[in-house]
Every structure is written in structure tokens, then in C-alpha cells.
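The following exercises concern salt bridges in a protein chain. Please study the sequence and the structure before reading the solutions.

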Amino acid sequence: MYINQRQKFNLVFSLLSAGFLLFLFFTLRAAHPWIRTAFVGERAPGTWLSSVLLISCGMISIILSMFRKEFFIFIILSLGCFFMALDERFMFHEMFKSFILFDIFDGNHLKMGKWGELFIFFYLASGLTILIIILKKIKENLFRILFIVAIAIGSLSFLFDIFHLNALWEDLFKIFAEYLLLSSLLFLLRGEFISLKKTESNPE
């Protein structure tokens with residue numbers, strides 16, 4: 001049975017989505033009723049999933065940089081994804097927050113206020129900057145929609161972190177944002193493969 005490029009991608013994407021949802025389902029089921037422990041903390045299964053999604057986004061961004069004219073945009077995006085994956089595991093933002101709290105404000109939370117969230121504000125500003133640049137440069141509609149939704153949900157996760165709202169929802173929003181980011185990059189990569197296949201089939 002012959003399967004064309006588009007059908008192959010749809011099958012792979014369906015398997016990826018099913019794997020993502022099954023992982024969430026079994027993680028939630030195994031952790032019940034202490035669901036928070038499955039997503040909060042550097043050793044939690046949800047943190048592992050977040051790191052995998054971010055590393056995958058970084059790898060696909062590198063591949064896209066070799067196909068697309070927006071080389072530097074995708075290189076910067078890949079570096080950002082790799083850094084966030086490391087942050088998921090080693091909690092750089094928490095280390096930075098502890099430094100601000102104890103080395104600058106002598107352990108006084110009231111004095112520190114929101115200064116300890118500078119790392120998160122940096123993430124927010126970086127995400128919005130990349131969003132603006134990408135929307136100006138890349139015109140593929142499906143990619144743009146998925147990317148915008150990913151940044152919006154990711155920003156919501158950061159706001160939950162900044163204002164110390166529900167930590168479980170913060171991590172769930174973050175994971176779904178990373179999944180949508182990965183999906184947007186995969187759809188963009190599919191377009192590049194289809195274009196390449198057409199070029200190979202119809203050489204000038």
C-alpha cells in the first residue's frame with residue numbers, strides 16, 4: 001500500500017499526539033489523588049515530559065534553519081528551547097530567585113517583591129519578541145495559529161508562576177504550550193518536506 005508524504009506526516013503526528021495524551025493520562029492516573037506531585041518539581045514525570053518536548057522543539061528548529069531562509073530566527077528559537085529544557089531540570093530560575101532573595105534582599109520576601117521574577121519576565125519578553133518577529137517573517141497560516149496559541153498559553157503559565165497561583169495548572173499550561181509549539185514546528189517542517197519532494201519530482 002502506497003502512503004504519500006502528507007499521509008505519512010498525518011500518521012506520525014497522530015501517533016505523537018496519542019503518545020502525548022496517553023503519557024498525561026497514565027501520569028495523572030498513577031499520581032491520583034496526589035496529582036500535583038506528578039508535575040511539580042524537577043524530578044516529576046511532567047518535568048521530564050516538558051524537557052523532552054522542549055528538546056524536540058530545539059532539534060526541529062535546527063532542522064528548519066537548514067531549509068528556511070529565516071536561518072537565525074530558528075537558531076535563536078532552538079537555543080531558547082534547549083536553555084528552557086535545561087532550566088526544567090536544573091531550575092536556573094529558582095536559583096536566580098534565591099540569589100536575589102538572600103544575597104540582595106537578605107531573605108526579606110516583602111522587600112524583594114517581584115524582583116525575584118526577573119527570569120520569568122525575561123522568558124515572557126523573549127517569547128513575545130520571537131512571536132512578533134516570526135509573524136512578520138513566516139506566512140504559513142496553520143503554523144502562525146498554532147504558534148500564537150502556544151505563546152498565549154505559555155504566557156498564561158508564566159503569569160501563574162509570577163503571581164504564585166495554582167502550581168499544577170501552571171505546569172499543565174506549560175506542557176500544553178510546548179506540545180503546541182512542537183506541533184507548529186512539525187507542520188512547518190512537513191511543508192518543507194513536501195516542497196522538497198515536489199522539487200525532486202519536477203527538476204528544472
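**Exercise 1: A salt bridge between distant parts**

Arginine 68 and glutamate 192 form a salt bridge, and their closest N and O atoms are 2.8 Å apart. The term denotes a side-chain nitrogen of Lys or Arg within 4 Å of a carboxyl oxygen of Asp or Glu. The model is predicted: local features need pLDDT of at least 70, side-chain atom pairs count only at pLDDT 80 or more, and totals for chains, interfaces and linings use all residues. Residues are numbered from 1 along each chain as its sequence is written, and side-chain values use heavy atoms, with hydrogens and water left out.

Task: State where arginine 68 and glutamate 192 lie in the chain, and determine whether arginine 68 is buried or exposed.

Solution.
1. Arginine 68 is in the loop between helix 2 (45-67) and helix 3 (71-90), while glutamate 192 belongs to helix 8 (residues 167-201). Helices are DSSP runs of H or I with at least four residues, numbered from the N terminus.
2. The two residues are 124 residues apart, so the pair links distant parts of the chain.
3. Buried means under 20% relative accessible area, exposed over 50%, and partly exposed in between (1.4 Å probe, protein chains only).
4. Arginine 68 counts as buried because its relative accessibility is 12%; glutamate 192, at 15%, also counts as buried.

**Exercise 2: The partners of lysine 174**

Task: Which residues form salt bridges with lysine 174?

Solution.
1. Glutamate 88 forms a salt bridge with lysine 174, the closest N and O atoms being 2.8 Å apart.
2. Lysine 174 in helix 8 and glutamate 88 in helix 3 are 86 residues apart.
3. Aspartate 171 also meets lysine 174 in a salt bridge (3.7 Å, N to O).
4. Aspartate 171 and lysine 174 both lie in helix 8, three residues apart.
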